[in-house]
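The following paragraphs offer a guided reading of the charged and nonpolar side chains in the structure shown below.

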Amino acid sequence: TEDRTSSTVWIERKHSPIIDEIVRRIADVVKIPESKLYLNQSSESLQLVHYEPGQLYKAHVDYGTDRPHNRYLTFLMYLNTVNGGGYTSFPKAPQECRDEKGYLGIEPKQGRVA
């Protein structure tokens, strides 16, 4: 769609020992039992997104209230540093979470987690 021009692949943790280990580490960081992070339990598959220059994902909500397994957490990992653009922003973040300019966002840098 015009709202999302990136390329995406979903990877289930049961199909990859590497993805399984990444999910276990995410569970450690956010302090939830890793056993909860299986597809259709309380987790989605790992979503890997690639952006070419000029591609985007417009503002959206990462959950829906009419589904039985709502996304209650989004964990972002940046695999490379982007030179110009690529920010992830949170336009509906509470004011107390914003910087002095009224912005809450993440600059994409390799190894950064949000």
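Arg24 is partly exposed in this predicted model, because its relative accessible area of 31% falls between the 20% limit for buried residues and the 50% limit for exposed ones. Salt bridges with shared partners connect Arg24 with Arg13, Asp20 and Glu34 in a single network. Within that network, the side chain of Arg24 meets that of Asp20 in a salt bridge, with an N to O distance of 2.9 Å. Both residues belong to helix α1, where four positions, about one turn of the helix, separate Arg24 from Asp20.

Asp20 also forms a salt bridge with Arg13, at 2.7 Å from N to O. What is the burial state of Arg13 and Asp20? Both are buried. For Asp20 the assignment follows from its relative accessibility of 16%, and it is therefore below the 20% cut-off. Arg13 has a further partner in an aromatic ring: it lies over the face of Tyr38, 3.9 Å from the ring centre.

The remaining member of the network, Glu34, is found outside the helix, in the loop that runs between α1 (17–30) and β2 (46–50). Glu34 is partly exposed, since its relative accessible area is 25%. Setting aside residues up to four places away in sequence, Glu34 touches Arg13, Arg24 and Ala27. The position of Glu34 can also be described with respect to Glu21: the two residues are 13 residues apart along the chain, and their C-alpha atoms are separated by 10.0 Å.

The same loop, between α1 and β2, also contains Ser45. Ser45 is buried, because its relative accessible area of 14% is under 20%. Which residues are in contact with Ser45, leaving aside its neighbours within four places in sequence? They are Trp10, Ile11, Glu12 and Leu39.

Glu12, one of these contacts of Ser45, takes part in a salt bridge with Lys14, in which the closest N and O atoms are 3.8 Å apart. This value lies within the 4 Å limit, so the pair qualifies as a salt bridge. The two partners fall into separate accessibility classes: Lys14 is exposed, with a relative accessible area of 62%, whereas Glu12 is partly exposed, at 24%. Over the whole structure, a search finds six salt bridges.

Aromatic rings enter the description through charged side chains. In addition to the placement of Arg13 over Tyr38, the charged end of Arg4 sits over the ring of Tyr57, at 3.9 Å from its centre. How many aromatic pairs does the structure hold? The number is zero.

The account closes with nonpolar side chains. Val9, Leu48, Met77, Leu79 and Val113 form a nonpolar patch on the surface, and together they have about 420 Å² of accessible area. Met77, one of the members of this patch, is located in the loop between β2 and β3 (88–89). Met77 is partly exposed, with a relative accessible area of 35%; this value is over the 30% required of patch members, so Met77 meets that accessibility criterion.

Key:
Residues are numbered from 1 along each chain as its sequence is written. This is a predicted model: local features need pLDDT of at least 70, side-chain atom pairs count only at pLDDT 80 or more; totals for chains, interfaces and linings use all residues. Side-chain values use heavy atoms; hydrogens and water are left out. Helices (H or I, at least four residues) and strands (E, at least two) are DSSP runs, numbered from the N terminus. Buried means under 20% relative accessible area, exposed over 50%, partly exposed in between (1.4 Å probe, protein chains only). Contact means heavy atoms within 4.5 Å. Patches are made of residues with over 30% relative accessible area and no salt bridge: like charges are joined within 9 Å, nonpolar side chains (Val, Leu, Ile, Met, Phe, Trp, Tyr) within 5 Å. Accessible areas come from the Shrake-Rupley method with a 1.4 Å probe; for residues, only the protein chains shown count as cover. Rings of Phe, Tyr and Trp (its six-membered ring) pair if their centres lie within 6.5 Å; planes under 30 degrees apart count as stacked, over 60 as edge-to-face and the rest as tilted. A charge sits over a ring if NZ of Lys or CZ of Arg is within 6 Å of the ring centre and within 35 degrees of the ring normal.
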